[in-house]
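I opened this entry to look up how the aromatic rings are arranged and what surrounds the ligand. I keep in mind throughout that the model is a predicted one.

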Amino acid sequence: SERTEDVNVDDLDTAATLLPTGKTSLAHQFVEGEFSEGYDPTVENTYSKIVTLGKDEFHLHLVDTAGQDEYSILPYSFIIGVHGYVLVYSVTSLHSFQVIESLYQKLHEGHGKTRVPVVLVGNKADLSPEREVQAVEGKKLAESWGATFMESSARENQLTQGIFTKVIQEIARVENSYGQERRCHLM
Ligand SMILES: Nc1nc2c(ncn2[C@@H]2O[C@H](COP(=O)(O)OP(=O)(O)OP(=O)(O)O)[C@@H](O)[C@H]2O)c(=O)[nH]1
């Protein structure tokens with residue numbers, strides 16, 4: 001079967017106030033298979049990639065967002081037609097972790113508090129000496145949402161591929177369970 005999925009890769013930093021979390025690097029590693037040093041603040045960027053999982057082919061539209069912080073009002077476009085989220089903080093920035101918490105609340109409310117497929121990512125795990133957020137904290141937060149947690153490094157292709165595979169699996173799982181629920185109502 002063929003499906004179209006929209007996924008937001010969300011960091012939640014304004015370039016001026018927060019450490020960039022590496023979401024552009026993750027998207028680039030996922031789509032192009034490489035890591036490039038250097039930093040350009042993202043305005044908004046979209047990527048497309050076809051991902052095959054088992055027998056299913058997913059047409060992924062990836063939106064790399066910019067300029068969110070805990071005070072931003074969530075744009076409508078972050079909710080409507082979006083099937084899943086990769087929420088990225090940097091393990092070297094406690095602030096980025098706190099921003100992610102408030103962003104999740106807004107997304108969850110925006111989706112009418114229904115179950116939203118989310119993968120929470122603690123990026124820059126290769127910079128361990130500068131760590132401000134422990135893996136166990138990320139894991140606990142993700143568990144409280146019923147979401148998946150991963151640490152990653154945009155330098156590593158396999159870790160990065162794993163994030164996007166996971167979010168697609170989560171989207172498929174959540175949609176299937178809603179599908180079953182609807183069938184139940186019909187009965
Ligand atoms: N060591 C290390 N550096 C990383 C990693 N991911 C990103 N970086 C670096 O961190 C900087 C910012 O990365 P970006 O991918 O541009 O971050 P961003 O979250 O997209 O930033 P905005 O565009 O401001 O939203 C760049 O210099 C990257 O090379 C990582 O996993 N490990």
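I began with tyrosine 89 and asked whether this residue is buried or exposed. Its relative accessibility comes out at 0%, so tyrosine 89 counts as buried, the cut-off being under 20%. I then looked up phenylalanine 97, which is also buried, with a relative accessible area of 7%.

Searching the whole structure for aromatic pairs, I found 3. One of them joins tyrosine 89 and phenylalanine 97 in an edge-to-face arrangement, with 4.8 Å from centre to centre and 70° between the planes. Another is formed by tyrosine 104 and tryptophan 145, and I noted this pair as stacked, since its planes are 10° apart, under the 30 degrees required, and its centres are 4.0 Å apart.

Where do tyrosine 104 and tryptophan 145 lie? I placed tyrosine 104 in helix α2 (residues 94-110) and tryptophan 145 in helix α3 (residues 135-145), so the pair ties together parts that are 41 residues apart in sequence. Both partners are on the buried side of the cut-off: tyrosine 104 has 7% relative accessibility, and tryptophan 145 has a relative accessible area of 11%.

Still on rings, I checked for charges over their faces and recorded that lysine 49 lies over the face of phenylalanine 30, at 4.4 Å from the ring centre.

I turned next to the ligand and asked how many residues surround it. The count is 23, and the closest are Thr24, Ser25, Tyr39, Thr42 and Asp126. Sorting this shell by class, I obtained 6 nonpolar, 9 polar and 8 charged residues. Which helix gives the most to the shell? I found that helix α1 (residues 23-32) does, with 3 residues.

For the polar contacts of the ligand, I wrote down three distances. A backbone N or O atom of threonine 21 lies 3.1 Å from a ligand oxygen atom, and an N or O atom in the side chain of lysine 23 is likewise 3.1 Å from an oxygen atom of the ligand. In the case of aspartate 126, a polar side-chain atom lies 2.7 Å from a nitrogen atom of the ligand. Finally, I looked up how much of the ligand is covered: on its own the ligand has 650 Å² of accessible area, and the protein covers 92% of this.

Conventions. Residues numbered from 1 in each chain as written. Predicted model: local features only at pLDDT ≥ 70, side-chain atom pairs only at ≥ 80, totals over all residues. Heavy atoms only, no water. Phe/Tyr/Trp six-rings, centres within 6.5 Å; stacked < 30°, edge-to-face > 60°. Buried < 20%, exposed > 50% of the residue type's maximum accessible area, 1.4 Å probe, protein only. Helix = DSSP H or I, 4+ residues; strand = E, 2+ residues; numbered from the N terminus. Lys NZ or Arg CZ within 6 Å of the ring centre and 35° of its normal. Near = heavy atom within 4 Å. Polar contact = N/O pair within 3.5 Å; in protein donor to acceptor, adjacent residues only side chain to side chain. Areas by Shrake-Rupley, 256 points an atom, 1.4 Å probe, with all protein chains shown as cover. Nonpolar A, V, L, I, M, F, W, Y, C, P; charged D, E, K, R; others polar.
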